[in-house]
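Me: I should like a close look at one part of this model. Please take a single helix and set out how it packs against the rest of the chain, with due regard to confidence.

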Amino acid sequence: MPFPLAPRARTGPRRRSLLTVAPAALLAAGCSAGPRDTGPAADSPPPASERARVRAARDSRELAERYDVVIAAHAGLAQRLGPLRENAVRHAKAFEELGTSAGSASPSPSPKSPAPTGTGPSASAPVPVPAKEKDALSGLAAAEREIAGRRLEALLDAPAELAGLLASVAAAGAAHAFLLTEG
């Protein structure tokens, strides 16, 4: 009959303790202080992600203005277009707030008004409103699709938070285009 071996005295850490400590060590290593990027210099152009965010905010404001013009020309569409216009206003505000929450050194390109109107200055020439409601809706749908396409292209090079917002708003724009053509 063989004698049982005496238990060995362990030297060093146990496997279980390594498995519990390793993730914390990796987290601490990833969060260690290193050289900090203070952002772009005052005279340097804004990074591509900032330009994409500013453009997305501007596109949403211009889209809301376009809704205003169509609603003014076709009062019968106000109830149908009002919620879509309000979404465009909220999207513009979300892109603007993303810039301020990220510590953007550059101010928002326009004053933060709760509801942009067609009377303010616009970077693009005003689009004439078709006389027929159906054509006006088609024009809005085309604008929604165009802007959604630009946002989908921009999200490929955007940082995570901006890419998520761009994707979400692009999906909303595609849904708006669908709602504008169905009916």
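Reply: The account below concerns helix α2 and its surroundings, preceded by a short description of the chain and its confidence.

The model is predicted. Its protein chain contains 5 helices and 0 strands, in the order α-α-α-α-α along the sequence. Of its 183 residues, 30% are buried. Among contacts that join residues at least 6 apart in sequence, 81% link residues at least 24 apart.

Confidence varies along the chain. The average pLDDT is 77, and 61% of the residues reach at least 70. Helix α4 (residues 133–155) has the highest mean, 96, whereas helix α1 (residues 15–30) has the lowest, 44. Two stretches remain under 50: residues 21–38, for which the model shows 0 contacts beyond four places in sequence, and residues 104–123, for which it shows 29 such contacts. Where pLDDT is low, the predicted coordinates should not be read in detail.

Helix α2 spans residues 48–73. Two of its partners are α4 and α5. Two packed helices are described by the angle between their axes and the distance between the axes.

For α2 and α4, the axes are 11 Å apart and the angle is about 175°. An angle over 145° counts as roughly antiparallel, and α2 and α4 are therefore described in that way. On the α2 side, the residues involved are A52, R55, A56, D59, S60, L63, R66, Y67 and V70. They meet A136, G139, L140, A143, E144, I147, R150, R151 and A154 of α4.

For α2 and α5, the axes come within 11 Å and cross at roughly 25°. Because this angle is under 35°, α2 is roughly parallel to α5. The crossing of α2 past α5 is left-handed. Here α2 contributes S49, A52, R53, A56 and Y67, while α5 contributes L162, L166, H176 and L180. A52, A56 and Y67 thus appear in the contact with α5, and these three residues also appear in the contact with α4.

The nonpolar cores place these contacts in context. The largest core has 18 residues, of which L63, Y67, V70, L81, L140 and L180 touch the most other members. At least two residues of this core come from each of α2, α3 (78–101), α4 and α5 (160–181), and α4 supplies the largest share, 6 residues. A second, separate core comprises 12 residues, including A52, A56, L165 and V169.

Two residues of α2 may be examined individually. Beyond its neighbours within four places in sequence, L63 is in contact with A88, A143, E144 and I147. D59 also lies in α2. Its relative accessible area is 5%, so D59 falls under the 20% cut-off and is buried. Again leaving aside neighbours within four places in sequence, D59 contacts I147, R150 and R151. I147 is therefore a partner both of L63 and of D59, under the 4.5 Å criterion for contact.

The segment after α5 contains E182. This residue is partly exposed, with a relative accessible area of 43%. The C-alpha atoms of E182 and L137 are separated by 9.7 Å, although the two residues are 45 apart along the chain.

How values were computed. Residues numbered from 1 in each chain as written. Predicted model: local features only at pLDDT ≥ 70, side-chain atom pairs only at ≥ 80, totals over all residues. Heavy atoms only, no water. pLDDT = per-residue confidence, 0-100. Helix = DSSP H or I, 4+ residues; strand = E, 2+ residues; numbered from the N terminus. Core = buried A, V, L, I, M, F, W, Y, C linked by side-chain atoms within 4.5 Å. Buried < 20%, exposed > 50% of the residue type's maximum accessible area, 1.4 Å probe, protein only. Axes fitted to C-alpha atoms, helices over the stretch in contact; angles between N-to-C directions. Parallel < 35°, antiparallel > 145°, perpendicular 65-115°, else oblique. Left-handed = near helix turned anticlockwise from the far one by under 90°.
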